[in-house]
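Colleague: I am new to this structure and should be grateful for a close look at one part of it. Please take the surroundings of the ligand as the centre, and then describe the charged pairs elsewhere in the chain.

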Amino acid sequence: MKKIDLNLMSEDTRLAHMGRAPEDYYGVVNPVVARTSTILFPNMAAYEDTDRLYRYARYSNPTSVKFERAMADLEAGYNAVSTPSGLSAITTAMLAFLKPGDHCLVSDSIYPPTRNFCNRYLSRWGVEVEYYDPTIGAGIAEKFKKNTAVVYMESPGSATFDVQDVPAIADVAKKKGIITIVDNSWGGGILFKPIEHGANISVQSATKYISGHADLMLGFAVADHEENYRKLKLAATDLGVFAAPDNIVLAFRGLRTMKIRMRQNAESAMMIAQWLQKRPEVQRVYYPALKDHPTHAIWKRDFKGANGILSILLKDAPREANHAFGDSLTLFPVGSSWGGYESLLQPQVMQTNRVAVPWTEKGAMLRLQIGLEDPQDLIADLEKGFAAFNAAQKK
Ligand SMILES: *Cc1c(COP(=O)(O)O)cnc(C)c1O
């Protein structure tokens, strides 16, 4: 088998081949599913060798190691830990770098379950959590305290998709020895690579674009260099966090087509976003690729493209009208998650999920995940939704 030197290849080529090792497995083209708990040692001396990569499936196994290497490549980092979900990648990374007495700055537009972890657990264990305006940029330095240990970003953020100035924040944090962690699920490692922009840790929900097929849950965290990787790996090991090999193999399947799916999703989403902007029922469309998005300039500077999720703020209307809109759609069933082949609608809870920048808008905030359906069919569906929205208000 000829070995391919992926380091010399472009990203498209690497995405097609990363994680594969046919030479290790009798020519088998895909990464194998190492469905195991026990890993056998050839003898007593081998067991005593603590540097041995494979000891027990929870620590490392041939499937997880291939995936972690591939994700480190995707994110331009040193190495990765794989986790059972995106949220567990986030909590593992936070626990790896925080201790009681530390101050942690957290972006205000984070994924709401991340906020729950910060409020319910980090705070309870004596970490001082402070939320900041996601558009703060280098101004974050004014919020640094002696005990600031971590700046936690999500870029773009959830619901409103505020793109953070990751290079500026990472730069001022680095000067103070503060660790920067970025939730990079939106960009999927394709549109943005936080480590290349100075961040220490990039985490992702591989449940989203990498999976792409709404059939698995998976996450990972990538470290910028060896020392930070060791801390991540220790936290994952001590917490018992690891990813199931069956999910990893499915994620590899999604990875091969991820970039072309995202490209199509972005094209459809842009068409739909521009159509939505003209609708009288919509106050505002949140999509960073639109010129009037508040952080469009940073997105344009740092990102290679957009994906298929956007939010709309409907005109203030009674709950019945908002429900009539959602309930009359057929191609946008209500459901959590995004990045799959299929379109979805998810109402966003705003007021209780913003503290640094209070949410004062009236009207329902709805997130649309644009899948691989024909965008004209999706637009026709949304048109029906608006007709129902208007009719419900006339009653
Ligand atoms: C979905 C999501 C997560 C969590 O991922 P799971 O795999 O569902 O645990 C984390 N961050 C963002 C931005 C998300 O949208």
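Modeller: The account below begins at the ligand, moves to a residue beside its shell, and ends with the salt bridges. Please bear in mind throughout that this is a predicted model.

The ligand has 15 residues around it, and those that come nearest are Gly-86, Asp-183, Ser-205, Thr-207 and Lys-208. By character, the shell divides into six nonpolar, six polar and three charged residues. The element that gives the most to this shell is helix 4 (residues 86-97), with three residues. Several polar atoms of the protein approach the ligand. A polar side-chain atom of Asp-183 is 2.6 Å from a nitrogen atom of the ligand. An oxygen atom of the ligand lies 2.9 Å from a backbone N or O atom of Leu-87, and a polar side-chain atom of Trp-338 likewise lies 2.9 Å from an oxygen atom of the ligand. On its own the ligand has 380 Å² of accessible area, of which the protein covers 93%.

Gln-204 may be considered next. This residue is placed in strand 6, which spans residues 201-205. With a relative accessible area of 2%, Gln-204 counts as buried because the limit for that class is under 20%. Its side chain has two polar partners to be noted here. One is the side chain of Glu-75, with which the side chain of Gln-204 makes a polar contact at 2.6 Å. The other is the backbone oxygen of Gly-188, which the side chain of Gln-204 reaches at 3.1 Å. Beyond its neighbours within four places in sequence, Gln-204 is in contact with a number of residues, including Leu-74, Gly-86, Ala-89, Asn-184, Ser-185, Ile-210 and Phe-220. Gly-86, listed among these contacts, is also one of the residues that come nearest to the ligand.

The charged pairs complete the picture. Side chains of opposite charge can pair when their charged atoms come close. The structure holds 20 salt bridges. In one of them, the side chains of Asp-165 and Arg-301 meet at 2.7 Å, N to O. Asp-165 belongs to the loop between strand 4 (148-154) and helix 6 (166-175), while Arg-301 belongs to helix 9 (residues 296-302), so this pair ties together parts that are 136 residues apart in sequence. Asp-165 is buried, at 15% relative accessibility, whereas Arg-301 is partly exposed, at 49%.

A second salt bridge is formed by Glu-227 and Lys-231, whose closest N and O atoms are 3.5 Å apart. Both residues lie in helix 7 (residues 226-239), four residues apart, which is about one turn of the helix. Lys-231 is partly exposed, with 36% relative accessibility.

A third salt bridge joins Arg-279 and Glu-383, with 3.8 Å between the closest N and O atoms. Arg-279 is in the loop between helix 8 (245-277) and strand 8 (282-286) and Glu-383 is in helix 11 (residues 375-394), so the pair ties together parts 104 residues apart in sequence. Arg-279 is buried, its relative accessible area being 17%, and Glu-383 is partly exposed, at 40%. Finally, Glu-11, Asp-12, Lys-193, Lys-259 and Arg-263 are joined into one network by salt bridges that share partners.

Methods
Residues are numbered from 1 along each chain as its sequence is written. This is a predicted model: local features need pLDDT of at least 70, side-chain atom pairs count only at pLDDT 80 or more; totals for chains, interfaces and linings use all residues. Side-chain values use heavy atoms; hydrogens and water are left out. Helices (H or I, at least four residues) and strands (E, at least two) are DSSP runs, numbered from the N terminus. Buried means under 20% relative accessible area, exposed over 50%, partly exposed in between (1.4 Å probe, protein chains only). A polar contact is a pair of N or O atoms within 3.5 Å; within protein, one must be able to donate a hydrogen and the other to accept it, and residues adjacent in sequence count only if both atoms are side-chain atoms. Contact means heavy atoms within 4.5 Å. A residue is near a molecule or strand if one of its heavy atoms lies within 4 Å of it. Accessible areas come from the Shrake-Rupley method with a 1.4 Å probe; for residues, only the protein chains shown count as cover. Ala, Val, Leu, Ile, Met, Phe, Trp, Tyr, Cys and Pro count as nonpolar, Asp, Glu, Lys and Arg as charged, and the others, Gly among them, as polar. A salt bridge is a side-chain nitrogen of Lys or Arg within 4 Å of a carboxyl oxygen of Asp or Glu.
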